[in-house]
Amino acid sequence: TPPQIFLERRSHSDLHSTMASKEQFIKLWEQCFEAADTSNDGIVTFDEMMALQGKVKGESKKLAKEIFEREISNPTKRLTLTRFKALGEEAWGERGPFPQIVLDMMTEISSIGAAARALKEGKNKAVQELKAMFDKFDTDSNGTLDLKELQYFSARMGAPLDQKELEVAIKEMDT
């Protein structure tokens, strides 16, 4: 059966608002899965669903909570994209088309996932840029910056350090 939240009675105005097409619904449904699948492995784990539940509120939280309780309510269970798609197809088959309010809550969930992915990609890019900068100054490619390399780095960054300052800096940073 589809998630209960899709079966609940809506107010008269909700039921007559813009209806989603099946294609819109399924696309958003899959984006909701992507929002929860933060590891991008095609499986939503208990921990991933718990994290998603903590980020949404209102009707969206009800939807996440219901799917969580039905499908992966203990740490050993997992929800695959195939199973999640089947849930969406069941929901559409039994109760579609849905009013705009359903699309709105699904859009909220999927936007949280998009924001999380963008943040992760931004972090990955920043790490790559720092690694490239480090590699540029690691002239002997040994994975460390020695005194000479650090001196060159500090001078290139516009803040040249003398021998004593470099030794203090290395002592502070080298843990």
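## Cavities, a pocket and a helix pair

The count comes to 2 cavities of 30 Å³ or more, a cavity being a set of points on a 1 Å grid over the protein atoms alone where a 1.4 Å probe fits but cannot get out. The model is predicted, so local features need pLDDT of at least 70 and side-chain atom pairs count only at pLDDT 80 or more, while totals for chains, interfaces and linings use all residues. Residues are numbered from 1 along each chain as its sequence is written, and side-chain values use heavy atoms, with hydrogens and water left out.

A pocket is an open set of points with protein on both sides within 12 Å along at least five of seven lines, and lining residues have an atom within 4 Å of a point. Grid points are joined across faces, edges and corners, and a volume is the space filled by probe spheres set on the points.

| Space | Volume | Nonpolar, polar and charged lining residues |
|---|---|---|
| Largest pocket | About 280 Å³ | 8, 1 and 1 |
| Largest cavity | About 70 Å³ | 13, no and no |
| Second largest cavity | About 50 Å³ | 6, 2 and 2 |

In these classes Ala, Val, Leu, Ile, Met, Phe, Trp, Tyr, Cys and Pro count as nonpolar, Asp, Glu, Lys and Arg as charged, and the others, Gly among them, as polar.

The largest cavity has 13 lining residues, and C32, M49, L52, I67 and F84 lie nearest its centre. Helix 3 gives the most to this lining, with 4 residues; helices are DSSP runs (H or I, at least four residues) numbered from the N terminus. Helix 4 (46–55) and helix 5 (58–71) each supply at least two residues as well.

Around the second largest cavity, the lining includes A35, E48, K55 and G113. Helix 4 provides the largest share of that lining, 4 residues.

The largest pocket is lined by residues including L130, F134, F153, M173 and D174. Its largest share, 3 residues, comes from helix 7.

Helix 3 (residues 22–36) and helix 7 have axes that come within 8 Å and cross at roughly 40°, the axes being lines fitted to C-alpha atoms over the stretch in contact, with angles running from 0 to 180 degrees between N-to-C directions. The two helices are therefore oblique to each other (under 35 degrees is roughly parallel, over 145 roughly antiparallel, 65 to 115 roughly perpendicular, and the rest oblique). Contact, meaning heavy atoms within 4.5 Å, involves residues including W29 and C32 of helix 3 and M106 and G113 of helix 7.
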